[in-house]
Amino acid sequence: MAKDKIIIFGGDGYLGWTLGLAFANRTNYDIVLADNMIKRQWEKEVGAKSLVPFQTPLKRIKEYGRIFGKNNLSFEKIDLLDYELVVKIIRKHNPAIIINAAQQPSAPFSMMNAQNAVATFSNNIAGHINVAWAIAETNKNIKYIKLGSAGCYSGIDTDYIPLGKVNFNFSSKGRARKIKKSWLPMYATDFYHQSKISDFLINELISDAWKLRVVTTQQSTIFGATIDENFAEDRRILSARFNYDAVFGTVINRFVCQINMGWPLTIYGDGSQKTGIISLSDTVDNFINIAEKNLVPGIHEVVHNFTLRPSINEIANMIVAKEGTISISHIENPRKEMKGSLKREVEVHKAIKGSHKNKDKKIKSELFKLGEFVGRYKNNIDAAVIMPKILWEKNQDLIKEKSLKEKYSLIMQQSAQ
Ligand SMILES: NC(=O)c1ccc[n+]([C@@H]2O[C@H](COP(=O)([O-])OP(=O)(O)OC[C@H]3O[C@@H](n4cnc5c(N)ncnc54)[C@H](O)[C@@H]3O)[C@@H](O)[C@H]2O)c1
């Protein structure tokens, strides 16, 4: 009997490939990875490189077959902006589940220039609409798991992020007012997160209007390079891309590269801004649980995929505690981020509860593995790509006055010496 299939859009990506590897090895599904390889082009445009040489999907799939003796992983080149092709691939494979991790994932990239802001919006939103529309036209039973971003809440000073809609009571002009059953407002200071907010609302629309089975995974910042399947050094061909530059690298991955270079950790601003974090390993474990969840047609489910929500200072201290004599350098924040906010409780979905057990111990062990992984490839680190050069501020007079670009390049030169 043919096995159920999962299509993972974004299957050449950091997360998409890692999910594919984990699902293929640990479950009975046939996994179809699909990607248009555009990230490789964006990386060239901004001078970003993967720390570990990043193989083609076909090479990685062949190596997976050799190591695990399974042939349930395949690849198709496809652009989500081509609706006919999206329909074709869904008809061909008739998947039980679609995971959409195929987006432009960087806030700085989206704030680089008008072209990148537009590219981020048109790619992320049009791609998502095409997948949703194709599901509605082919098979509404498909479970659609869409990658969102926890960063959509970072501009909201609230002490609680619920999983569902809630009632709001507030007062205005001396009168008590209500908003009934509404999602928490979201707020972005960059075009990437703005595209994620739109995606979230599109999910609301398609589950309501078409009764699709949709879950938005409000994904926190991921750290780590490997999972059990590809940690061993002789499995390097199975490595996912690992971005550590200021455009595509996430904060902990960048910090660990700085440590390996013997550099200070550079914190943007005063470091009081908070971010959700989760290891790559917990991220994939949680996705496997989410995929098994029964989704009700017409109910848009939300999962906050996170483990901790520390400030950037706390993250740096966690790494310093592990590594010892590391210095920390605060640099002017190129972004617009909310400083030290309310202590916040984030509601934990049943599907990810398991990953919250022994979390401090697990985070330490994942940081340790990341340090070891980066250490293996530290000669590949390109010093020139770590310091930020893209500013949120577009007022040329202010930029000149602060001369941020010069300051950053100075720190970069000093660090490189
Ligand atoms: N990595 C994180 O920390 C993090 C945090 C929050 C949310 N996310 C979300 O997770 C998802 C995956 O992120 P990632 O870090 O793996 O990024 P990534 O850039 O490594 O992977 C994205 C992949 O999607 C592909 N892609 C983009 N547009 C496409 C299109 N139109 N058609 C086909 N393929 C396309 C790219 O080529 C790339 O391989 C994104 O939606 C991102 O917003 C990631």
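In this predicted model, helix α6, covering residues 114-138, lies across the strands β1, β4 and β5 (143-149). Its direction makes an angle of about 170 degrees with β4. A second helix, α4 (residues 83-93), lies across β1, β2 (30-35) and β3, and runs at about 160 degrees to β1. Strand β1 thus turns up under both helices.

As for the strands themselves, they belong to an open sheet of seven, with parallel pairing and the order β3-β2-β1-β4-β5-β9-β13. At the edges sit β3 (73-77) and β13 (301-305), each of which pairs on one side only. From one strand to its neighbour, the average turn is 20 degrees, direction ignored. Zooming in on one pair, β1 (residues 5-9) and β4 (residues 97-100) are joined in the parallel sense by four bridges. Here Ile8 has Ile99 of β4 standing opposite.

Back to the two helices: how do α4 and α6 sit relative to each other? Their axes come within 9 Å and cross at roughly 50 degrees. An angle that is neither under 35 degrees, nor over 145, nor from 65 to 115 counts as oblique, so α4 and α6 are oblique to each other. The crossing of the pair is right-handed. On the α4 side, the residues that meet α6 are Tyr83, Val86, Val87, Ile90 and Arg91. Their partners in α6 are Asn130, Val131, Ala134, Ile135, Glu137 and Thr138. Sorted by class, this contact of α4 with α6 holds seven nonpolar residues, along with two polar and two charged ones.

Notes. Residues are numbered from 1 along each chain as its sequence is written. This is a predicted model: local features need pLDDT of at least 70, side-chain atom pairs count only at pLDDT 80 or more; totals for chains, interfaces and linings use all residues. Two strands pair if DSSP finds at least two bridges between them. Axes are lines fitted to C-alpha atoms, for helices over the stretch in contact, and angles run from 0 to 180 degrees between N-to-C directions. Two residues are in contact if their C-beta atoms, placed from the backbone, lie within 7 Å. A crossing is left-handed if the near helix is turned anticlockwise from the far one by less than a right angle, and right-handed if clockwise. Ala, Val, Leu, Ile, Met, Phe, Trp, Tyr, Cys and Pro count as nonpolar, Asp, Glu, Lys and Arg as charged, and the others, Gly among them, as polar.
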